[in-house]
Amino acid sequence: MADETSPWKLRLYTERLCLRVPASQDAEDLYDLFADAEVMQGLGKEPVSAVEDVRAMIEEGMIGGWRTDGLGPFILETAATDRQVVGQAGLMIFDTRDWTPSTWAKAGSHAQPELGWALTRAHWGHGYATEAAAAIRDWAHERPNIDRLVSLISPDNVRSQRVAERLGAIPTETVTPAHSKRTTVVWTHPPIV
Ligand SMILES: CC(C)(COP(=O)(O)OP(=O)(O)OC[C@H]1O[C@@H](n2cnc3c(N)ncnc32)[C@H](O)[C@@H]1OP(=O)(O)O)[C@@H](O)C(=O)NCCC(=O)NCCS
């Protein structure tokens, strides 16, 4: 269920979660996520060591896609009154020529939206990633410019593969993105019916 007037007011609601666009005030709540070496390995990034680094990531990286492409990561918050931030999930544009992060404008007809997810370790094992990703996938299918969704997952990231499987995605291709040079499996989500 979506209530959308602008990205900044966009909210997606699931049974247990509220999904919204990040703001710099989320830096403290996201610190445990981005300081966790295992989480960051899954995301192909280096862990941060200060809340200020998280603030910079939010302002430069996370919000950027919402400004330029009308998509990006959502903050996942429990919908209960305590409103705990449990992680992030959302869409990024990749250029299929070299599988690097890009934008609609730069990648043109090679632009491919990718659906990704990450939870703070304390919130693993409750189904939040699958629940959030399913809502984002359904929202994405309503966008006129998105006809296919993929998820890029390392072959050793078993937990993430299980999320993809629960969403009905299947591994379709193995690629080596130019920026990471690490073997990555392209999981393709079922087409819109
Ligand atoms: C990938 C990641 C998000 C998966 O987290 P997760 O908690 O295993 O995934 P979900 O939130 O979908 O939870 C599913 C698990 O919760 C369990 N569960 C418990 N209660 C549940 C409920 N009410 N509803 C659904 N599932 C529930 C499921 O059985 C499942 O466990 P299983 O896989 O052992 O069978 C997490 O490991 C992570 O953040 N990793 C680091 C970042 C990363 O690698 N991101 C992906 C980059 S490609």
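User: How many residues surround the ligand, and which are the closest?

Analyst: This is a predicted model. In it, 21 residues surround the ligand. Trp117, Gly125, Thr130, Asn157 and Arg159 are the closest.

User: How do those residues divide into nonpolar, polar and charged?

Analyst: The shell around the ligand has ten nonpolar residues, seven polar ones and four charged ones.

User: Which helix or strand gives the largest share of the shell?

Analyst: Helix H6 does, with five residues. H6 covers residues 158-166. At least two shell residues each also come from helix H2 (37-43), strand E7 (111-119), helix H5 and strand E8 (150-153).

User: Which polar backbone atoms sit by an oxygen atom of the ligand?

Analyst: A polar backbone atom of Ala129 is 2.7 Å from an oxygen atom of the ligand. For Leu119, a polar backbone atom is 2.8 Å from a ligand oxygen. With His126, a backbone N or O atom lies 3.3 Å from an oxygen atom of the ligand.

User: And how much of the ligand does the protein cover?

Analyst: On its own the ligand has 950 Å² of accessible area, and the protein covers 74% of that.

User: Switching to H5. Is that helix mostly covered or mostly open?

Analyst: Mostly covered: twelve of the 14 residues in H5 are buried. Among them are Tyr128, Thr130, Glu131, Arg137 and Trp139.

User: What should H5 span, and what does the model give?

Analyst: H5 runs over residues 128-141, so at 1.5 Å a residue its 14 residues should span 20 Å. The C-alpha atoms at its ends are 20 Å apart, which agrees.

Definitions and conventions
Residues numbered from 1 in each chain as written. Predicted model: local features only at pLDDT ≥ 70, side-chain atom pairs only at ≥ 80, totals over all residues. Heavy atoms only, no water. Helix = DSSP H or I, 4+ residues; strand = E, 2+ residues; numbered from the N terminus. Expected span 1.5 Å × (residues − 1). Buried < 20%, exposed > 50% of the residue type's maximum accessible area, 1.4 Å probe, protein only. Near = heavy atom within 4 Å. Polar contact = N/O pair within 3.5 Å; in protein donor to acceptor, adjacent residues only side chain to side chain. Areas by Shrake-Rupley, 256 points an atom, 1.4 Å probe, with all protein chains shown as cover. Nonpolar A, V, L, I, M, F, W, Y, C, P; charged D, E, K, R; others polar.
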